[in-house]
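Here's a quick walk through this fold, with the sheet up front and the helix packing and backbone oddities after that. Have the viewer open and follow along.

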Amino acid sequence: MMSLRSMRWAVTGVALGLALAACESTKVAGNSGPPKSPPSSPAPPSSSEGASGRAFSFASSGDTSFDAWRTQFAAKADGAGRNDAIIRSVLDGLVPVEQTVQTQSFDNQAEFVKPIWDYAKTAVSPTRITNGQAKLAENAAIFEAIEASYAPPREIVSAIWGMETSYGSFIGKDDAPRVLASQAAMGRRRDFNEGELLAIMQLIENGSATRDQFRKASFAGAVGQTQFMPSTLLQHGRDFDKDGHKDLWTNVGDALASAANYLTNSGWKEGQPWAVETRIPEPFDYSVGDGRKLSVAAWKGLGLTPAAAPELANSDALQAELFLPAGSYGPAFLLFDNFGVIKRYNNADSYALAVGLLADRLAGRPDLSRPWPSDIVMLTQQQAKDLQTALNKLNHSAGVVDGIIGRGTRSALQKFQKEKGFVADGFPTVAMLDAVLLAANDA
Ligand SMILES: [Ca+2]
């Protein structure tokens, strides 16, 4: 698995082809970090009989390996204490999703097919800002109550709502058990997907949700207006209106309180920003933007100033990291711990950046002072490999030639840039590739 850091630069520097690796190392909405697997079982049961001694049988789906997985998993769910009738209602009648269809759906996840700023620009569209402001006004009483009980401010919660489902407009039309079972049956993150299915059964058992509600899910099995994975709903979901259900599908209060609760439980630091846009002095040693954390006071000492004056007023003691999504060609940010908390929702820098930027606009803060670049051509994966090969040849070790612009490649490029008198931002443009190729050719 790529580190988060190398993922950031991979997303930034190479605008393609990372989809498969990405969906293994990233999760979709509402579930974070390592999958919350059930305790690992040594081996699947050889018979279809569960702890209750009842055998499960289902009408064939037409796919023998899916059928075999299903009877075994039903027994496992029974052994875990799940209700027989609910096990049947969740698993009966499922037909596996065709593998290519599901792979395509993962490939189309926007976070991994665009340069990070294209994603941010799309995410923070004027329509989404206008609609978000209307939703904030419409649900002011709900947001008041949520802010009183949970750590994050309303604009962050509403930005997530906007990013996940356009404020509840598009909540998905896939059957969560079907998509999760399809993944589990083909052996893809089996423990994770089986854990999600068990969570669905528990949510139905305890009255939080119904089987039918789970027929409206994303292709990855995330549900409701704030797109929670079932295990996240089970663990962090809230029944805001206290009607006995955690209705993330149709109840705005339940959905928003659940998102706010999840961010709170993920460590949201009340009163702290997610990031602050900063101005960079000239000249500037861009190589300090390598992930190191310094106090805001130390960053100020290096000449950084907030783009909007009051934003850094009382934050001198906070630790922050300099984030340069477009190298020296676009806006610069000091990132705070809350940026990482947004990533607990969806583990991509592009996602967290988009949520943060949308939240800032919903809170009435000004647009970025420095625009995103519009004329940079991104490297293809092959070009990224060529860059790595050439840097290695020049003895600026870029490490393994894998076409992913991770930390190693970036710092190797910085060494080259310093040596040749370029701005040492480690950002892999086509022009910089040409310069490296030329030098390697002469070497
Ligand atoms: Ca409720």
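Start with one pair in the sheet: glutamate 277 has phenylalanine 333 of strand 5 as its bridge partner. Keep in mind that this is a predicted model. That pair belongs to a ladder in which strand 1 and strand 5 (residues 332–335) run antiparallel, joined by 4 bridges. Phenylalanine 333 turns up again on the strand 4 side, where it is the bridge partner of phenylalanine 323. Strand 4 (residues 319–323) is tied to strand 5 by 3 bridges, and these two strands run antiparallel as well.

Now go back to strand 1 and look towards strand 3. Strand 3 (residues 305–306) pairs with strand 1 over 2 bridges in the antiparallel sense, and threonine 278 has proline 306 in strand 3 as its bridge partner. Put together, the 5 strands make an open sheet in the order 2-4-5-1-3, with antiparallel pairing. Which strands stand at the edges? Strand 2 and strand 3 do: each has a single partner strand, so one side of each is left without a neighbour in the sheet. As for strand 1 (residues 275–279), 4 of its 5 residues are buried, so "mostly covered" is a fair label, given that 20 or more other C-beta atoms within 10 Å is what makes a residue buried.

**The wider chain**

Zooming out, the protein chain holds 19 helices along with those 5 strands. Of its 443 residues, 49% count as buried. Among contacts with a separation of 6 or more, 72% are between residues 24 or more positions apart. One long-range pair to click on is glutamate 270 and tyrosine 150: they sit 120 residues apart along the chain, yet their C-alpha atoms are separated by 8.6 Å. Glutamate 270 is in the loop between helix 13 (252–265) and strand 1. Is glutamate 270 buried or exposed? It counts as exposed, since it has 11 C-beta neighbours inside 10 Å.

**Two helix crossings**

Two helix pairs are worth a look, and here are their crossing angles.

| Helix pair | Residue ranges | Axis approach | Crossing angle |
|---|---|---|---|
| Helix 7 and helix 9 | 126–138 and 154–165 | within 10 Å | roughly 125 degrees |
| Helix 17 and helix 18 | 381–393 and 407–420 | within 10 Å | roughly 55 degrees |

With its angle of roughly 55 degrees, helix 17 is oblique to helix 18. Their crossing is left-handed. On the helix 17 side, Leu387, Gln388 and Leu391 meet Thr409, Ala412, Leu413 and Phe416 of helix 18. Sorted by class, that contact has 5 nonpolar, 2 polar and no charged residues.

For the other pair, the axes of helix 7 and helix 9 cross at roughly 125 degrees, and these helices are therefore oblique to each other. Helix 7 passes helix 9 in a right-handed crossing. Helix 7 brings Arg128, Gly132, Lys135 and Leu136 to the contact, while helix 9 brings Arg154, Ser158 and Gly162. By class, this contact has 1 nonpolar, 3 polar and 3 charged residues.

**Backbone oddities**

Most residues other than glycine have a negative phi, and most peptide bonds are trans. A few spots here go the other way.

Arginine 189 isn't a glycine, but it has a positive phi of about 45 degrees. You'll find arginine 189 in the loop between helix 10 (176–185) and helix 11 (190–205). It counts as partly exposed because it has 18 C-beta neighbours inside 10 Å.

Glutamine 227 also has a positive phi, near 50 degrees. It is located in the loop between helix 11 and helix 12 (230–236). How many other C-beta atoms lie within 10 Å of glutamine 227? There are 29, so glutamine 227 is buried.

The last stop is a peptide bond. Glutamate 282 and proline 283 are joined by a cis peptide bond, with omega at about -5 degrees. Proline 283 lies in the loop between strand 1 and strand 2 (293–295), which brings the tour back to the sheet.

Note on methods:
Residues are numbered from 1 along each chain as its sequence is written. This is a predicted model: local features need pLDDT of at least 70, side-chain atom pairs count only at pLDDT 80 or more; totals for chains, interfaces and linings use all residues. Axes are lines fitted to C-alpha atoms, for helices over the stretch in contact, and angles run from 0 to 180 degrees between N-to-C directions. Angles under 35 degrees count as roughly parallel, over 145 as roughly antiparallel, 65 to 115 as roughly perpendicular and the rest as oblique. A crossing is left-handed if the near helix is turned anticlockwise from the far one by less than a right angle, and right-handed if clockwise. Two residues are in contact if their C-beta atoms, placed from the backbone, lie within 7 Å. Ala, Val, Leu, Ile, Met, Phe, Trp, Tyr, Cys and Pro count as nonpolar, Asp, Glu, Lys and Arg as charged, and the others, Gly among them, as polar. A residue is buried if 20 or more other C-beta atoms lie within 10 Å of its own, exposed if 12 or fewer, and partly exposed in between; C-beta atoms are placed from the backbone. Two strands pair if DSSP finds at least two bridges between them.
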